[in-house]
Amino acid sequence: MRNQKKLSCILALLLMALISPFESLAENNETDAKAVVEGTVTFGTAIVGSDNKSSKLGAYSGITDSQGYAIGNTEVLYQRGLLYMQLLGEDLGLENRSVSLETGTYGKLKFFANWDQLPHELNNNTQTPFKGIGGTNLTLPTSFGKNSDATALTITGLDREDLRIDGRRAGNFGFSGKFGKMDVSLSYMRETKDGIVDIGTVVNTSPGGQSISLPGLLDQVTNEVRGSVARNGEDGQIQFDFFMSLFDNKVNSISWEDPFSITTSGTGLISRAPDNRFMKFSLSGAKNLPHNSRVSGVVEYSNSSQNQNLLAFSQDTSTSLLPRSSAEAEIHTLHINLNAASRPLPKLGLKARYRHFQTINETEQSLFQYILSRP
């Protein structure tokens, strides 16, 4: 209990130091207002016991067998007049930890920053003969007995490799504030995913194919920006929203040595999710009119695009045979929704609505001529 009180005092001093730059933002804050700190801080240790390692035991906590871990949770609130700062922490001793900090002045301005991560244990009982795990080129050991017949493969040199997404690590920060009749908000989020996942592939598809399960590298980053500006009045409202998402896959493709090819040069190649971009603009509003009438509407426009380099038809062909070098994919959407409602008489109600939705696919198209052979 004594350590808990000591830790609470330390957190209180930290909150006071962080909040001091925002004191000038509270126009109506009393200079002699008393500072109040309240909340709870929990700290301890725990042990998990298990006879066998299991990915299901701690699928989202990272604990898959017997081990000890720290218990850490905190919820502390500092207030001084209109000023406030809140610190929240959950499962700080585990891999699925989260922490958030929020500060500002009540009803005026808010700054926030969040961090959370979430691992995912997929399977801890997998074995694979492939070497080079964690890279984009998987090879087989020289002792591996290749054979075009899957039932006659000589499988040697197996290594145990846990399938796991190391973490959905996301950081988010931004602000929101009220300036007269205007409400403004802006935030940024960055999310990363990495680990080793199971990827299914097929080779020799004609006349029949063999399937291969690969321990594939996962390494992705997503950046998101959100913004909003709104004006709220007694007779009407108008709001503009913006959203942008940028997805970056650092693994464009994965190549592997074909276990069904009796030649040493037999390899396969599989593409991964392409880099892409998405943007959306939205304008909405409403207006009160005489005779118990009101009109409202929303206009939205979005753009999706990706321009990833295309892979060759096969490992034995050149990209020069492709119709173009990259995807050059782009789609536009437009949405318009207008509404009008009126009640000029107590027992008479009128409504009108207009909706338009349009998708414009500007992805370049290519025509392939086919040859049909007959026996």
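Among contacts in the protein between residues at least 6 apart in sequence, what percentage join residues at least 24 apart? The answer is 60%, and the views below let you meet some of the residues behind this predicted model.

**Figure 1. The whole protein sets the scene for the close-ups.** This is a predicted model of a protein with 375 residues, and buried residues make up 32% of them. Its secondary structure comes to one helix and 19 strands. The accessible surface is about 23100 Å², and carbon and sulfur atoms account for 54% of that area.

**Figure 2. Phenylalanine 242 and phenylalanine 281 form a tilted aromatic pair.** A search of the whole structure turns up six aromatic pairs, and here is one of them: the ring centres of phenylalanine 242 and phenylalanine 281 are 5.2 Å apart, with 45° between the planes. Look at where the partners sit: phenylalanine 242 belongs to strand β13 (residues 236-249) and phenylalanine 281 to strand β16 (residues 276-289). The two are 39 residues apart, so the pair links distant parts of the chain. Phenylalanine 242 has a relative accessible area of 22%, which makes it partly exposed. Phenylalanine 281, at 29% relative accessibility, is partly exposed too.

**Figure 3. Phenylalanine 243 and phenylalanine 278 make a tilted pair.** Why is this pair called tilted? The planes of the two rings meet at 55°, and tilted covers angles that are neither under 30 degrees nor over 60. The ring centres lie 6.1 Å apart. Once again distant parts of the chain are linked: phenylalanine 243 is in strand β13 and phenylalanine 278 is in strand β16, 35 residues apart. Is each partner buried or exposed, or partly exposed? Phenylalanine 243 counts as buried because its relative accessibility is 18%, and buried means under 20%. Phenylalanine 278, at 26%, counts as partly exposed.

**Figure 4. Three aromatic residues gather in one cluster.** You have already met two of the members, Phe242 and Phe281. Tyr301 joins them to complete the aromatic cluster.

**Figure 5. Threonine 201 is a buried residue.** Find threonine 201 in strand β11, which spans residues 182-203. Its relative accessibility is 5%, so threonine 201 counts as buried. Which residues does threonine 201 touch, not counting those up to four places away in sequence? They are Gln210, Ser211, Ile212, Leu214, Trp256 and Ile270.

Conventions. Residues numbered from 1 in each chain as written. Predicted model: local features only at pLDDT ≥ 70, side-chain atom pairs only at ≥ 80, totals over all residues. Heavy atoms only, no water. Phe/Tyr/Trp six-rings, centres within 6.5 Å; stacked < 30°, edge-to-face > 60°. Helix = DSSP H or I, 4+ residues; strand = E, 2+ residues; numbered from the N terminus. Buried < 20%, exposed > 50% of the residue type's maximum accessible area, 1.4 Å probe, protein only. Contact = heavy atoms within 4.5 Å. Areas by Shrake-Rupley, 256 points an atom, 1.4 Å probe, with all protein chains shown as cover.
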